[in-house]
Every structure is written in structure tokens, then in C-alpha cells.
Amino acid sequence: MPAVGTFRVCEPGRLPFAEAVAEAVTLPSVLVTMLSSLIEAWPRQIYTQPLVTTRFLGQRTTYVCDPGHIRSLMVDQAEALEREPFMLRALAPALGSGILTADGSHWRRQRKAATPMFRPDRVQSFVPAMARAAAATRARWLADDPAGAERDILRAMMRTTFDVIVATMVSGDPHLEVEPFGRAMDAYLGQTSWKIALEMLRAPTWVPHPGARAGAAAVRYLRGEVARTIARRRARGEPGSDLLGLLLQARDPETGQPLPEASLIDNLLTFVSAGHETTALALAWTFRVLAEHPEVERRVVAEMACLRADPAADPEAVDQLPYTRQVLLEVMRLYPPAPLIVRRTRAPVRLGDAIVPAGQSVHVPVYALHRHALLWDRPEVFDPDRFAPERAAARDRYAYLPFGAGPRVCIGMSLALTECLVILATLLPAFRLRPVTAAMPSAQFRVTLRPKGGLTMRVAPRHVA
Ligand code: HEM
């Protein structure tokens, strides 16, 4: 099979585009690996080099794994970047041109409209809703089988975080149902690898692929559900003060017009999906990693036992969980729920001595950055003390990017961190979770980072186990 691409490595200290050919790849081998998990198709040099350029079917992609270059790219030169076509092909059928997928002034307007929802005082006001959702999960786990049972932890966390997002963003609209919503999300995300692969092969969008029909049906269901949520709100006669209310009241600064219906759907679906799936993954990975490290788990549970107040009653209680927070950050280093940030250059971009020309893909492979040999000591080892205040302060902020960076940084970052802490503080003191398979599940790229084969664990109440 002839090689169709070469991975080219830019070595530190050298002019980056005077590259050494590192590895040749063949089309079927890349395709198969990409469909299984894009991460496995990455050139392994991105774990050891600051800048790596690959050429695939004549297209160049630059992987940026140096904190200084990442800052330069995502903060200083953010204006020269736009959404990457392959991500648009994967996400736009569902999310249209909402806050996650839009660029330029269209994006700016949507970001401005949503920002008040994520101010610190607003996030604090969500804590009781987070605590209620977590308590409901705790009650379900106790009611179903008080002596303990095997559970799909990822699904359970999806349900919990979905409850939080519905409670906070659409004031608990009771008609949005988690189970069918989750199934539709799975069906949709499950076939995005095909869309990404086909875009890389520059195949037209009408080219059929496995899962396409189910994906299209999922989109119809998801967008329909969200449209009905908006219609119910309109029928109420007043917009409300939640995210949906903010979106309904947003006005175009130039025309004074409200957001068009499609834009409302794009954004509400973006927030509901981006807001619960990533957070559920962070939690699910945390439970699994803690089960591997009982001594860390003991310290976490001991910290929770010292909480002076219940998060449901005192939103500031989560500030008393510094070690649990370190654990969560370290889990998201090894298993970042959003493992890849992708952009296309609209104009030439300078990275040190290198110029990336306009129209080229630039990727920040967060999963690899978090395991990079030049940035982390023993990168594969789980060590929450990396995030102890003094060690974290000594590290370049752009070496750790679970929430991205620059103007497109995750708008829900502090909401997500608070939510994870509240949910962990509700469930961990009550239950001991143990894996049913000895090996850690491998991490699979499905736009987000999912445990391959799901995540079943045995959940037993602590006082019984
Ligand atoms: C652990 C949980 C989460 C993780 C790891 C995460 C990660 C990320 C990352 C890496 C980005 C940047 C993507 C890029 O630059 O291309 C992002 C953007 C975004 N996130 Fe999150 N996220 C989480 C939770 C949330 C929550 C709870 C919400 C909302 C309630 C949310 C809403 C968004 C939105 C709307 C964007 C697009 C922002 C923009 O482009 O202006 N995320 N997220």
C-alpha cells in the first residue's frame, strides 16, 4: 500500500518547517485507527515535541504542544483562527451555528448574551440545584438495591448532570427527558468519527456512512425537543431569568432584532449537550480512577467528612474541599473530557520562528499535552499533588487546558468544577465504587473522551461494604 501521508516533526531549537520525516502512514491504517479513536491515529511525536506538522492527503496539520506557542496561538492570535471544517462537519448538523460552532460577530453576540448566566454569584446560586440532583441519584442508588449493585456509572452521571443543566438553564422544565435525550446524544456522537474521517478525505457531505441515518434521526429528535421547550416557554408569556430567558431577550446590537428561532435552538441544544456530557465524563473517570487509588480515595472521603456544612444549605461548602479539587484536576489531566481543540488559520500565524500559513489546521491535542514528556514529570502517573497550590503556581498555565484558553475558553468552567465537587461530596461519603473489570477502560475519542465499552462499577453503601 503506498504511503499517503507523512508525519513531520519540528524539533525544538530547529526551524520548525525544516522537518524530519518521522513516519509514513497508509490510508487504510489511518482510517481504521481514526474510526476506532482519533487519538490513536495521532503521531506519537506530539507527546515529546513542542510542534509537529503532519501531511495527510496533501493537507498539513500543525499540532501545538508548547505552552508558550499555545498562548500565542489561542490568546494573542485568536483573531486569526476560525472553526475547523472537520469539527463543523461533525457538530453543525446538530448544533447549527450556535455559540460553540459560530465565528466572528455571530459568535460574539451569542457569547455576550449567555455570559451573565455564568458569573460567580449565579453559579453559586445553582449549588442547591446541583445538591438536589446529586441527592436524587444517591436516593435512587439506595432505593434500587440497598445492599449495592453493578451500575453503569457513566449513564448515572449523565442523568445527574442532565438534571443539573435542565434545572439551571431551563428552570427544570419537566418535559425534557434524560433517557431518550441521552440515547439520541449517543447515537449522534457515535457516528461523528465517520464524519470527521470523511471530511479528512475531503469526501462530499452526501457520501453515506454507517450510523448516518440514526444520527440524522437523533438530530431531529434533539432539535425537536429543544424547539418544544422554547415553545412552552413562549406560551408562558414571560421569558424567565434563566439561560433560555437570556437568549429570548437577547437583541442584535445593529438591528435590535431578537435571535432567530434556529439560533435559539442551536444555542439551547449546545448548552444542554456541552453542559452535561463533559461534566458527566469528568465525574465518571474520577470514580474509576479513585477506585484504582484507595489511599487517595480515603483522603478525599476524610476531607468530605470534615465539611462544616452541607453544600445544599451552604454553597460555599465546596470551597472546603481543596484536596478533592486537586483530585478532579488531576483526573482531567489524564482524561480530559474535551481531548482535542481544533482550529483553522484564517491568516498566517507565527509560532516562535515558524509561520503557519492561512487555511491550515492547527490542533491543540489536549490529551497529549497533558501527558507531554517535556511538561510533566512521570506523565502517566496519577498524582493529585501536582495540583497542590505551590506546584500548580509554578507551572505554565497553558500546559493544562481541560477547559481550553483564550476568548473561546469554556464558558461553563466554574459551573462544571463546582458541580463536580457537589456531586462527589454527595455520593462518595455514601458509597464505595469498585470496578468490575481490572483493567482501566481505554479512552476513546468521540469528540469527547469516553471510556471504551462504557463504565460499569459495583456500588455499595459504605456502612454495608
Ligand atoms: C468538565 C466539564 C467541561 C469541560 C471539560 C469543558 C471543556 C470545554 C472546552 C475545552 C471548550 C473549548 C473548546 C474550543 O476551544 O474549541 C469548551 C467550550 C464550551 N463549553 Fe465547556 N466544558 C465543560 C463543561 C461545560 C458546561 C457545564 C457548560 C455549560 C453549562 C459548557 C459550555 C460550553 C460552551 C457553550 C462552550 C463554547 C464556548 C465558546 O466557543 O465561546 N461547558 N468547553
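1. The iron atom of the ligand takes a single donor from the protein, the SG atom of C410, at 2.3 Å. This and the points below refer to a predicted model. In the chain, C410 belongs to the loop that joins α17 (389-393) to α18 (413-427).

2. The helix that follows this loop, α18, packs against α13 (residues 261-292), the two axes coming within 10 Å and crossing at roughly 40 degrees. That angle makes α13 oblique to α18, since angles under 35 degrees are needed for a roughly parallel pair and 65 to 115 for a roughly perpendicular one. The crossing of α13 past α18 is right-handed.

3. On the α13 side, the residues that make this contact are T279, A282, L283, T286 and F287. Their counterparts in α18 are A416, E419, C420, I423, L424 and L427. By class, the contact of α13 with α18 comprises 8 nonpolar, 2 polar and 1 charged residues.

4. Helix α9 (residues 178-190) has contacts with two helices discussed here, and α11 (residues 212-236) is one of them. The axes of α9 and α11 lie 8 Å apart, and the helices pack at an angle of about 140 degrees. The pair is therefore oblique, as the angle would have to be over 145 to count as roughly antiparallel. The handedness of this crossing is left-handed.

5. The α9 face towards α11 consists of P180, F181, A184, M185, A187 and Y188. These residues meet A214, G215, A218, V219, Y221 and L222 of α11. The contact of α9 with α11 holds 11 nonpolar residues, 1 polar residue and no charged residue.

6. The second partner of α9 is α10 (residues 192-200), whose axis comes within 5 Å of that of α9 and crosses it at roughly 25 degrees. The two helices are therefore roughly parallel, the angle being under 35 degrees. Here Y188, L189 and G190 of α9 meet T192, S193 and K195 of α10. This contact divides into 2 nonpolar, 3 polar and 1 charged residues. Y188 of α9 takes part in the contact with α10 and also in the contact with α11.

7. Among the strands, β6, β14 and β11 form an open sheet of 3 strands in the order β6-β14-β11, with antiparallel pairing. The edge strands, each pairing on one side only, are β6 (149-152) and β11 (431-435). Neighbouring strands of the sheet are turned against each other by 40 degrees on average, direction ignored.

8. Within this sheet, β11 and β14 (residues 456-461) pair in the antiparallel sense over 5 bridges. In this pairing, R432 stands opposite A460 of β14.

Technical notes: Residues are numbered from 1 along each chain as its sequence is written. This is a predicted model: local features need pLDDT of at least 70, side-chain atom pairs count only at pLDDT 80 or more; totals for chains, interfaces and linings use all residues. Side-chain values use heavy atoms; hydrogens and water are left out. Axes are lines fitted to C-alpha atoms, for helices over the stretch in contact, and angles run from 0 to 180 degrees between N-to-C directions. Helices (H or I, at least four residues) and strands (E, at least two) are DSSP runs, numbered from the N terminus. Contact means heavy atoms within 4.5 Å. Ala, Val, Leu, Ile, Met, Phe, Trp, Tyr, Cys and Pro count as nonpolar, Asp, Glu, Lys and Arg as charged, and the others, Gly among them, as polar. Donors are N, O and S atoms within 2.8 Å of the metal (3.2 Å for Na, K and Ca); water is not among the atoms, so sites may look incomplete. A crossing is left-handed if the near helix is turned anticlockwise from the far one by less than a right angle, and right-handed if clockwise. Two strands pair if DSSP finds at least two bridges between them.
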